[in-house]
2 protein chains.
Amino acid sequence: MLAVAVELFNERGYDGTSMRDLAARLGIAKSAIYHHVTGKEELLSLALDRALAGLAVVTERARALPAPAIERLEYLVRGSVEVLEAESPYVTLLLRVRVNTDVERAALDQRRAFDRFVAELVAQAVRDGDIRPDADAMITARLLFGLVNSIVEWYRPARRAGAASLADPVCAMAFEGLRTRRR
Amino acid sequence: MLAVAVELFNERGYDGTSMRDLAARLGIAKSAIYHHVTGKEELLSLALDRALAGLAVVTERARALPAPAIERLEYLVRGSVEVLEAESPYVTLLLRVRVNTDVERAALDQRRAFDRFVAELVAQAVRDGDIRPDADAMITARLLFGLVNSIVEWYRPARRAGAASLADPVCAMAFEGLRTRRR
């Protein structure tokens, strides 16, 4: 039921989806849905929690990693791409959240805390001399996760069954750059 | 009037905006709008043309540039970021287009042709030995313009009056990579 709700939210927007639409897509009565959840907002909450839980695990590991900031940053990028691939409909929903309800506000607060953590890692990596000194931490953090999050626009799990993770090309572009390093 | 229409389309979606909404925001009668345009679809068409015209100029220059593919690719990225900064509401609208009307279909066809051109440049740069040989042309093209296009999610022209263009940090990350190159 959650998977179908998320599919509809992504197709029509959360605001544009009614419990009636959901019942129709599931082929069951509206009352049967209310047997399981209190309403649309609980479905949104469950869906966003699923995306956020995946990112929280990666964040905690990146925080705890006994390694320089640049390595923890790369770990965070790689892990985020993998969460996005594993849970793409849930992450897509998270990235499209607008602040209308308390559930959405709470999710956005968590996204902002995540962005701050990324910016801190970038700033530390600059101080360590591992990222170019002219890189602005906030802009770099936004570009880096803009790159990661842009994948939801075209990633289709069905098409890429068995395909290699995008974590490698994303990290190669962002950390090493596309240009061949000539010796 | 076009600027206000684009503002509304970006806030509520093209489908979610009525001519009545537009008249209310402009503070004029609906009939006064029809004095200038035939309807909502003409406004969409004018707005998308403005974004596409900017990108077409950059594409033509990149195509004609007497330089290796890697330089033409960087020129295209840089120029696209500058178009996005100069015309951000129009580019935002273009990036959110869904295929419902002929106007949207035509805009998407142009975006697809643009994506193919990017992929061709990447493939040529790989053959030239200027991009790492393990880079997949299609994935690289998508990541590169995912990075560029992600800027519309947070770019606010008003806040950055007089600020440096994002073209430098975008190209630095994508082509040189964040990691300091140690000698």
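**Two chains and their shared contact**

User: How can chain A be laid on chain B?

Analyst: A turn of 180° and a shift of 0.0 Å along the axis lay chain A on chain B with an RMSD of 0.0 Å; copies are superposed by least squares on the C-alpha atoms of residues with pLDDT of at least 70 in both. The two copies are thus related as by a two-fold rotation axis. This is a predicted model, in which local features need pLDDT of at least 70 and side-chain atom pairs count only at pLDDT 80 or more, while totals for chains, interfaces and linings use all residues. Residues are numbered from 1 along each chain as its sequence is written, and chains are lettered from A and ligands numbered from 1 in the order in which they are written.

User: Which residue of chain A comes closest to the rotation axis?

Analyst: That is A:Gly177, with its C-alpha at 1.8 Å.

User: How many residues does the contact take from each chain?

Analyst: The contact takes 31 residues from chain A and 31 residues from chain B, where contact requires C-beta atoms, placed from the backbone, within 7 Å. On chain A, α8 (137–150) and α9 (167–176) each supply at least two residues of the side that touches chain B; helices are DSSP runs (H or I, at least four residues), numbered from the N terminus. The most comes from α8(A), with eight residues.

User: Why do the copies meet through the same surface?

Analyst: They do so because 100% of the interface residues of chain A are also interface residues in chain B.

User: Changing topic, which residues have the most contacts inside the largest nonpolar core?

Analyst: They are A:Leu48 and B:Leu48, in a core of 98 residues. Such a core is a set of buried Ala, Val, Leu, Ile, Met, Phe, Trp, Tyr and Cys residues joined through C-beta atoms within 7 Å; buried means that 20 or more other C-beta atoms lie within 10 Å of the residue's own.

User: And what does B:Leu48 touch?

Analyst: Leaving aside residues up to four places away in sequence, B:Leu48 touches B:Leu93, B:Leu94, B:Val97, B:Val103 and B:Ala107.

User: Where do the buried residues of α5(B) pack?

Analyst: They pack against α4 (40–64), α6 (88–95), α7 (102–127), α8 (137–150) and α9 (167–176) of chain B. Among them are B:Leu73, B:Leu76 and B:Val77, together with B:Arg72 and B:Glu74.

User: What are the confidence scores?

Analyst: The model scores ipTM 0.89 and pTM 0.91. Chain A averages a pLDDT of 91, pLDDT being the predictor's confidence in each residue, from 0 to 100.

Terms used. Buried ≥ 20, exposed ≤ 12 C-beta atoms within 10 Å, placed from the backbone. Contact = placed C-beta atoms within 7 Å.
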